[in-house]
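Student: I've got a new structure open and I'd like some practice reading it. Could we go through it feature by feature?

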Amino acid sequence: MIKKVLVFIMDGLGDRPIKEFNNKTPLEYAKTPNFDKLCSESQCGLMYTLGRGKRPGSDTAHLSIFGYPTDEYYTGRGPIEAAGVGIKLEGGDVAFRGNFGTVDDNWNVIDRRAGRIKDVSVFAQALDGIEIDGIKFIIKPGSAYRAGVVMRGKGLSSNVSNADTHNEGDSVQEVVATDNSAEAKFTASVLNKFMKKSYEILNNLEENKIREQKNELKANFLLLRGAGIYPKLPKFTEKWSFENACCIAGGGLYKGVGAFLGMDLINVPGANAQVDTNIEGKFKAAIEATKKYDFVFLHIKPTDSLAEDGNYIGKRDFIEKMDKYVSILNEVDDETLIVITADHSTACELKAHSADPVPILFHAKGIRNDNLAKFGERECSKGSLGVIEGKDVMPNVLNIMGKLPLIGA
Ligand code: ZN
């Protein structure tokens, strides 16, 4: 009887044939004896995370896999990032992604990341709790120059423009309402006041004077983008009837997805979402977690970042590196289902996410396995699951666990 689930998502794992790899994808070309063994014992298929012809973002793809349709629950990246830095969101909050950057006296952006500042705790603290026109700003530091930002109060809207143009040299834009509602206009007006006030506070902060003396760029502006309103959403464990769920991820966005859905976050030393991330530590933590949690979400990032750089050799090498440790995951007990897949393809050729489907496998004791020879895009297309969508994953998980409700008599 399957009682627990470990979902392992390798970001951007899927890819397209590479000429230099004899027209195999990095996953197909990589030597992966351990993934292949798991695959031969699994039920396999291909998955269009958001559906055919839809090019997934990482956030929307994950929400889909976990059973939260994008059109219902996705209002922007802001709420997910804010959840990831530990802000407990409430219905009606409007959240943003924030960067501490450097502007000149005319608010021209000199550096969007304040010289890639490593820790913005002091700066976030200086702004946390500011109130303007009855709206409270909650600001928590994220990794490096990033921050999660939440506006809390009555009558807010996320239909406002970005102040951050993404281009250095441009000046910070005045925020405007992107619809005609009173809420959007009010939110824009509060944000413009906040920018003025926060610039004054940050620009005069002792910490920035010290940075200036050291010839470092001041972190004197909080650039905001990705506004989203926090929707009322059911907790993952309640939606799918699990006792408890946890998330093991290095990247802020993925921790955010976990926290957004109410999962506990487990931090692993050295899990940094970079190529030298602590794969072994994360796999071991995942196995440990299956002893306490009945749902474990494990995420690995670099397969995506390497493909976004067009680095197909690096992607192949990283897949082979993961393969060395994958047998750790196979140490789960007989009550645990392992699902291995990707959130989307990232094509080295395009250096971008693509809508090509990704391989997916379901590995559990007693599963009707397909005996496939290799974990790869085209081999998995021969699997008995056929072609599924992200929204099919959780129902399939429940089926394997014997928890699906009966339709009819
Ligand atoms: Zn992704």
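**Reading the model, one feature at a time**

Tutor: Let's begin with a single residue: T102 sits in strand β3, which covers residues 94-103. Keep in mind throughout that this is a predicted model.

Student: Is T102 buried or exposed?

Tutor: T102 counts as buried because its relative accessible area is 5%, and the cut-off for buried is under 20%.

Student: Which residues is T102 in contact with, leaving aside neighbours within four places in sequence?

Tutor: The contacts of T102 are N108, V109, I110, D111 and A114, together with L217, K218 and N220.

Student: A114 is on that list. What is its phi?

Tutor: General idea first: most residues other than glycine have a negative phi. A114 has a positive phi near 45°, and A114 is not a glycine. You'll find A114 in the loop between β4 and α6 (121-127). A114 is buried too, with a relative accessibility of 0%.

Student: Which other residue has a positive phi although it is not a glycine?

Tutor: Take W107, with a phi of about 65°. W107 belongs to the loop between β3 and β4 (109-111). Glycines with positive phi turn up after helices as well: G402 comes just after α15, with a phi of about 70°, and G262 follows α10, with a phi near 85°.

Student: Now the metal. Which protein atoms are the donors of the zinc ion?

Tutor: D11 gives two OD donors, S58 gives OG, D343 gives OD and H344 gives NE2, at 1.9 to 2.7 Å from the zinc ion. In sequence terms, the spacing of the donors reads D-x46-S-x284-D-H. S58 is in helix α3 (residues 58-65) and D343 is in the loop between β12 (336-341) and β13 (345-347), so this pair ties together parts lying 285 residues apart in sequence. S58 and D343 are both buried.

Student: What does α3 pack against, and at what angle?

Tutor: For a helix pair, look at the angle, the axis distance and the handedness. α3 packs with helix α10 (residues 252-260) at about 35°, and the axes are 10 Å apart. The crossing of α3 past α10 is right-handed. From α3, the residues that meet α10 are S58, D59, H62 and L63, and their partners in α10 are L253, Y254, V257 and F260. By type, the residues of this contact are five nonpolar, two polar and one charged. Notice that S58, the zinc donor, is also part of this helix contact.

Student: Which residues of α10 are buried, and what covers them?

Tutor: The buried ones are L253, Y254, G256, V257, G258 and F260. Their cover includes α3, α4 (70-73) and α5 (78-84), along with the strands β9 (245-248), β10 (264-265) and β11 (295-300).

Student: How should I read a nonpolar core?

Tutor: The general tendency in soluble globular proteins is for nonpolar side chains to be buried together. Here the largest nonpolar core has 88 residues, and the members that touch the most others are F8, F66, F236, L261, F295, F375 and V397. Beyond its neighbours up to four places away in sequence, F375 touches M10, L13, L27, F35, D36, C39, I340, P359, L361 and C380. There is also a second, separate core of 39 residues, with Y145, F194, M195 and F221 among them. As for V397, it is one of the buried residues of helix α15 (residues 393-400), alongside V393, M394, N396 and L398.

Student: Where is M195, and what is it in contact with?

Tutor: M195 lies in helix α7, residues 182-203, and is buried at a relative accessible area of 3%. Setting aside neighbours within four places in sequence, M195 is in contact with W107, A163, V172, Q173, V175 and F221. M195 and F221 are 26 residues apart in sequence, and 7.7 Å separates their C-alpha atoms.

Student: One last residue: where is G383 found?

Tutor: G383 is in the loop between α14 (377-380) and β16 (386-389). G383 counts as buried, with 9% relative accessibility. Apart from neighbours within four places in sequence, G383 is in contact with C44, D370 and L372.

How values were computed:
Residues are numbered from 1 along each chain as its sequence is written. This is a predicted model: local features need pLDDT of at least 70, side-chain atom pairs count only at pLDDT 80 or more; totals for chains, interfaces and linings use all residues. Side-chain values use heavy atoms; hydrogens and water are left out. Donors are N, O and S atoms within 2.8 Å of the metal (3.2 Å for Na, K and Ca); water is not among the atoms, so sites may look incomplete. Helices (H or I, at least four residues) and strands (E, at least two) are DSSP runs, numbered from the N terminus. Buried means under 20% relative accessible area, exposed over 50%, partly exposed in between (1.4 Å probe, protein chains only). Axes are lines fitted to C-alpha atoms, for helices over the stretch in contact, and angles run from 0 to 180 degrees between N-to-C directions. A crossing is left-handed if the near helix is turned anticlockwise from the far one by less than a right angle, and right-handed if clockwise. Contact means heavy atoms within 4.5 Å. Ala, Val, Leu, Ile, Met, Phe, Trp, Tyr, Cys and Pro count as nonpolar, Asp, Glu, Lys and Arg as charged, and the others, Gly among them, as polar. A nonpolar core is a set of buried Ala, Val, Leu, Ile, Met, Phe, Trp, Tyr and Cys residues joined through side-chain atoms within 4.5 Å.
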